[in-house]
Amino acid sequence: MDPVYILVAVRAALAAGKEILSVYNDPEADFQVEKKADHSPLTIADRSAHQIISSFLEKTPYPVLSEEGRHIDYSVRKDWDTLWIVDPLDGTKEFIRRNGEFTVNIALVCKGVPVAGVIYVPVKGELYFAGEGVGAYKMTDVKGPGPDVSWDQLVSSSFSLPVAEERSGWVVVASRSHLTLETENYIHTLKEAHADIQLISSGSSLKICLVAEGKADVYPRFAPTMEWDTAAGHAIAKASGAEIYQAGTSLPLVYNKEELLNPWFIVESRR
């Protein structure tokens, strides 16, 4: 994996995050609007972030599949060997609730497999990035690397994932907004296998990051998600020694399918 593409994605994510925060922190913004009305804060932030990210990625050789530009027919996409998969603002409910647990997701996918991923958490100033063969990393207190930052400089300002830390029990991360009956049943089976189960909740792609980071052991998802919700996190998970399996199988999620809806899945540490 050529780190130059990760650097492009990092710059795009940080620029988009800056624009999202300008909307999020606007005292005039009406956060009671919960649908994507044309002038809702969510829609403005979504569209602005999409345009900024596209302006970076269109300078690369690869096409872009984004939540905000989702209507690209499979007859066109099926010939895309390598592509970017982007969610300009992941965590709709978290954004509206103003709890800060929303992200910018950018992934590079080759032949259905995520080979690089960047996830930026604007409110927390946290950046996750990873690539096949180069590892997974997290940067905290992000100020934003300059346009000429090198890969070595970026890595030296970050720490490698997963992070070795002392913790007891089996940690399960679940969706803050989409805890289904199927998820509860799965967690119940885990409790039968593990005496000490700790359940933590989070929003957006941060749930995948918690497994990649080593703060959680498993994240079951038995509710609808789209490819742009998981592609960046999948790349980060893979590079950290975890994997995202289709529920009930040993097969990983695949991308740029004709149907962009993901099957149910489980993010699990292989470490």
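Which residue lies over the face of Tyr24? Arg98 does, at 4.9 Å from the ring centre. This is a predicted model. An open sheet of 7 strands, a helix with 8 of its 8 residues buried and a nonpolar core of 41 residues are the main topics below.

**The sheet**

- The 7 strands follow the order 1-2-3-4-5-6-7, and their pairing is mixed.
- Strand 1 (64-66) and strand 7 (159-161) are the edge strands, and each pairs on one side only.
- From one strand to the next, the twist averages 20°.
- Strand 1 runs parallel to strand 2 (residues 82-90), and 3 bridges pair them.
- Within that pairing, Leu65 has Ile85 in strand 2 as its bridge partner.

**Strand 4 and its two hairpins**

- Strand 4 (113-121) is mostly covered, with 8 of its 9 residues buried.
- Strand 3 (103-110) runs antiparallel to strand 4, and 7 bridges join the two.
- Cys110 has Val113 in strand 4 as its bridge partner.
- The hairpin of strand 3 and strand 4 has 2 residues between the strands. Lys111, in the turn, has a positive phi of about 50°.
- Strand 4 also pairs with strand 5 in the antiparallel sense, over 6 bridges.
- Tyr120 stands opposite Leu127 in strand 5.
- The hairpin of strand 4 and strand 5 has 4 residues between the strands. In this turn, Gly125 has a positive phi of about 65°.

**Helix 7**

- Helix 7 (residues 206-213) lies across strand 3, strand 4, strand 5 (126-131), strand 6 (135-139) and strand 7.
- The helix runs at about 65° to strand 5.
- Helix 7 is largely enclosed by the rest of the structure, because 8 of its 8 residues are buried.
- The buried residues include Lys207 and Glu213. Also among them are Leu206, Ile208, Cys209, Leu210, Val211 and Ala212.
- Gly214 comes just after helix 7 and takes a positive phi of about 95°.

**Nonpolar cores**

- The largest nonpolar core has 41 residues. Phe95, Ile106 and Phe129 have the most contacts inside this core.
- Helix 1 (residues 3-24) gives the most to this core, with 13 residues.
- Another core lies apart from it and has 34 residues. Ile85, Cys209, Ala216 and Ile236 are among them.
- Ile85 is also the strand 2 bridge partner of Leu65. Cys209 is also one of the buried residues of helix 7.

**Around Phe95**

- Leaving aside neighbours within four places in sequence, Phe95 is in contact with residues including Ile20, Val23, Tyr24 and Phe31.
- Its other contacts on that basis include Pro41, Leu42, Ala45, Leu89 and Phe102.
- Phe95, Tyr24 and Phe102 form one aromatic cluster.
- Tyr24 in this cluster is the ring with Arg98 over its face.

**Aromatic pairs**

- The structure holds 10 aromatic pairs.
- Tyr219 and Phe265 form an edge-to-face pair. The rings are 5.8 Å apart centre to centre, with 90° between the planes.
- This pair links distant parts of the chain, with its residues 46 residues apart. Tyr219 is in strand 10 (residues 218-221), and Phe265 is in strand 12 (residues 265-269).
- Tyr219 and Phe265 are both buried.

Methods
Residues are numbered from 1 along each chain as its sequence is written. This is a predicted model: local features need pLDDT of at least 70, side-chain atom pairs count only at pLDDT 80 or more; totals for chains, interfaces and linings use all residues. Side-chain values use heavy atoms; hydrogens and water are left out. Rings of Phe, Tyr and Trp (its six-membered ring) pair if their centres lie within 6.5 Å; planes under 30 degrees apart count as stacked, over 60 as edge-to-face and the rest as tilted. Buried means under 20% relative accessible area, exposed over 50%, partly exposed in between (1.4 Å probe, protein chains only). A charge sits over a ring if NZ of Lys or CZ of Arg is within 6 Å of the ring centre and within 35 degrees of the ring normal. Two strands pair if DSSP finds at least two bridges between them. Axes are lines fitted to C-alpha atoms, for helices over the stretch in contact, and angles run from 0 to 180 degrees between N-to-C directions. Contact means heavy atoms within 4.5 Å. A nonpolar core is a set of buried Ala, Val, Leu, Ile, Met, Phe, Trp, Tyr and Cys residues joined through side-chain atoms within 4.5 Å.
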